[in-house]
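Got your viewer open? Load the model and keep the selection box handy. We'll go stop by stop.

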Amino acid sequence: MSTRRDRSSADSSKAPTNPARRSLMSGALGGGIAASVMGMARAEQANGSAQRDFDGKAALITGGARGIGLACANALAARGANIVILDVADQIAEVPYPLATQKDLEAAKEQIEGHGVSCITIKGDVREMKAQKAAITAAMESFGRLDFVIPNAGITQTGFLEELSEKEVDLVLDINLKGVIKTVQAATPILRQQNSGRIVMISSVTGRMGAQRFPVYGASKWAVIGLTKSTAEALAPHNVTVNALCPTLVRTALLENDYVLSTMIPGTTLTWEQFEDAAKQLHMMPVGFYGPEEVGGLAAFLCSEEAALISGDVFDIAAGANARFPA
Ligand SMILES: NC(=O)c1ccc[n+]([C@@H]2O[C@H](COP(=O)([O-])OP(=O)(O)OC[C@H]3O[C@@H](n4cnc5c(N)ncnc54)[C@H](O)[C@@H]3O)[C@@H](O)[C@H]2O)c1
């Protein structure tokens, strides 16, 4: 996969084509938030109500062309941060569902720049360190600093352990674990030198509890928490905080695809609505899938001054499901 710097703008973001999704998105749980974010941002700027405490700061977000990464980018950009997105924005042949496209990446840039900040997009694969290096070079050349790092790029995988081939195991660990390690390795020298910075890792509920249908994916997410703790300890003397977020079931294309719906329960193809019922059973609060902006909001909080002394910690976004976890 080539690493390419791309500053082009987009036409527009895509409307959801699945009618079931459209009704969910327009209902109480969704609210068409992604589609309206640009308008909201412009309205905030016009009436001066936006909190711009990240003005002049710069963030690197991997996997930011859509989903949780894009929501994190929007949450930081809304507070004034310039953004570098690193995303493969192409299909990785071995991944059994569609990843983001070049069009998604361009639409993300347009959406983020709607907040009145700059966004640089880098097309590259987090499995190759040259991609992270290109993204960090871009941040330093364009913005002169790097304040926030969100190693978010990841793929899902379902299947009992004995069903997974060596190649499938390697693929998930290479992206979800080694890709995160490489992002942190590439960013750390800059943060240490600056004597400031925030790293927000994206783990998962499968990094907090057993999930027999997600053995390797879950292992990668437990490992991200281990990496969070060790990195927090190493960077604490340099005023860099490192925390991990553990979402449960977020309404993104990582879940809403034929591969996931047909493999969640062996021998059955779930409808999106049936899957949402399962999400409601997991959550103690009356919530099914929730929007990625819930994760983006917490990531922005952890990058804020209010969170300056919070480090080495793990935050569940679980609508009460973690009331069942051990402390
Ligand atoms: N959706 C959920 O319910 C959920 C729950 C817990 C944790 N997560 C985690 O959140 C993160 C984001 O997930 P999402 O739901 O937004 O998924 P998504 O598929 O919508 O977004 C993932 C992004 O990462 C990019 N990407 C994938 N592999 C890449 C690679 N090798 N190099 C560069 N970019 C790559 C994709 O193109 C895509 O834009 C993942 O780490 C995922 O494991 C998601």
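Start by selecting Ala50: is Ala50 buried or exposed? Ala50 is buried, with a relative accessible area of 18%; buried here means under 20% relative accessible area, exposed over 50%, and partly exposed in between, using a 1.4 Å probe and protein chains only. You'll find Ala50 in the loop between α2 (33–47) and β2 (58–62). Add Ala78 to the selection: the two C-alpha atoms are separated by 7.2 Å, although the residues are 28 apart along the chain.

Before moving on, a word on what you are looking at. This is a predicted model, where local features need pLDDT of at least 70 and side-chain atom pairs count only at pLDDT 80 or more, while totals for chains, interfaces and linings use all residues. Residues are numbered from 1 along each chain as its sequence is written, and side-chain values use heavy atoms, with hydrogens and water left out.

**The whole chain**

Zoom out and colour by secondary structure. The chain has 10 helices and eight strands; these are DSSP runs (helices H or I, at least four residues; strands E, at least two), numbered from the N terminus. Of the 327 residues in the chain, 54% are buried. Now think about contacts, meaning heavy atoms within 4.5 Å. Among contacts with a separation of 6 or more, 76% join residues 24 or more positions apart. Switch on the surface and you have about 14,000 Å² exposed, with carbon and sulfur atoms supplying 55% of it; areas come from the Shrake-Rupley method with a 1.4 Å probe, and for residues only the protein chains shown count as cover.

**The cores**

Next, select Val84, Leu146, Ile155, Ile199, Met201 and Phe275. In the largest nonpolar core, which has 58 residues, these touch the most other members. A nonpolar core is a set of buried Ala, Val, Leu, Ile, Met, Phe, Trp, Tyr and Cys residues joined through side-chain atoms within 4.5 Å. Helix α6 (residues 166–194) gives the most to this core, with nine residues.

Centre on Ile155. Leaving aside neighbours within four places in sequence, Ile155 has contacts that include Val95, Tyr97, Leu99, Leu171, Ile175, Tyr217 and Leu254. Another core, of 38 residues, lies apart from the largest one; among its members are Ala59, Ala65, Ile112 and Ala300.

**Three helices to click through**

Select residues 67–77 for helix α3. Here 10 of the 11 residues are buried, so α3 is largely enclosed by the rest of the structure. The buried ones include Ile68, Leu70, Cys72, Asn74 and Leu76.

Move to residues 102–113, helix α4. Nine of its 12 residues are buried, so α4 too is largely enclosed by the rest of the structure. Some of the buried ones carry charged side-chain names you'll recognise, including Asp104, Glu106 and Lys109. Try the distance tool on the ends of α4: the end C-alpha atoms are 17 Å apart, which agrees with the 16 Å that 12 residues should span at 1.5 Å a residue. The expected span is 1.5 Å times one less than the number of residues.

Then pick residues 293–303, helix α10. Buried there are Val295, Gly296, Leu298, Ala299, Ala300, Leu302 and Cys303. Show the elements that cover them, which include α3, β5 (148–150), β6, β7 and β8 (314–317).

**The ligand**

Select the ligand and everything within 4 Å of it by heavy atoms, the cut-off for being near. That gives 31 residues, of which Asp87, Asn152, Tyr217, Val250 and Thr252 come nearest. Which polar contacts (pairs of N or O atoms within 3.5 Å) are worth a look?

- A backbone N or O atom of Val126 is 3.0 Å from a ligand nitrogen atom.
- A backbone N or O atom of Asn152 is 2.8 Å from a ligand oxygen atom.
- A polar side-chain atom of Lys221 is 2.9 Å from a ligand oxygen atom.

On its own the ligand exposes 820 Å², and the protein buries 99% of that.

From Asn152, step to Gly63, in the loop between β2 and α3. Gly63 is buried, at 14% relative accessible area. Beyond neighbours within four places in sequence, Gly63 is in contact with Gly69, Leu70, Leu86, Asp87, Asn152 and Ala153.

**Two asparagines to finish**

Select Asn195, in the loop between α6 and β6 (197–202). Asn195 has a positive phi of about 65 degrees although it is not a glycine, and is partly exposed at 37% relative accessible area. Last, pick Asn239, in the loop between α7 (215–235) and β7 (240–247). Asn239 also has a positive phi, near 60 degrees, and is partly exposed at 48% relative accessibility.

Definitions and conventions. A polar contact is a pair of N or O atoms within 3.5 Å; within protein, one must be able to donate a hydrogen and the other to accept it, and residues adjacent in sequence count only if both atoms are side-chain atoms.
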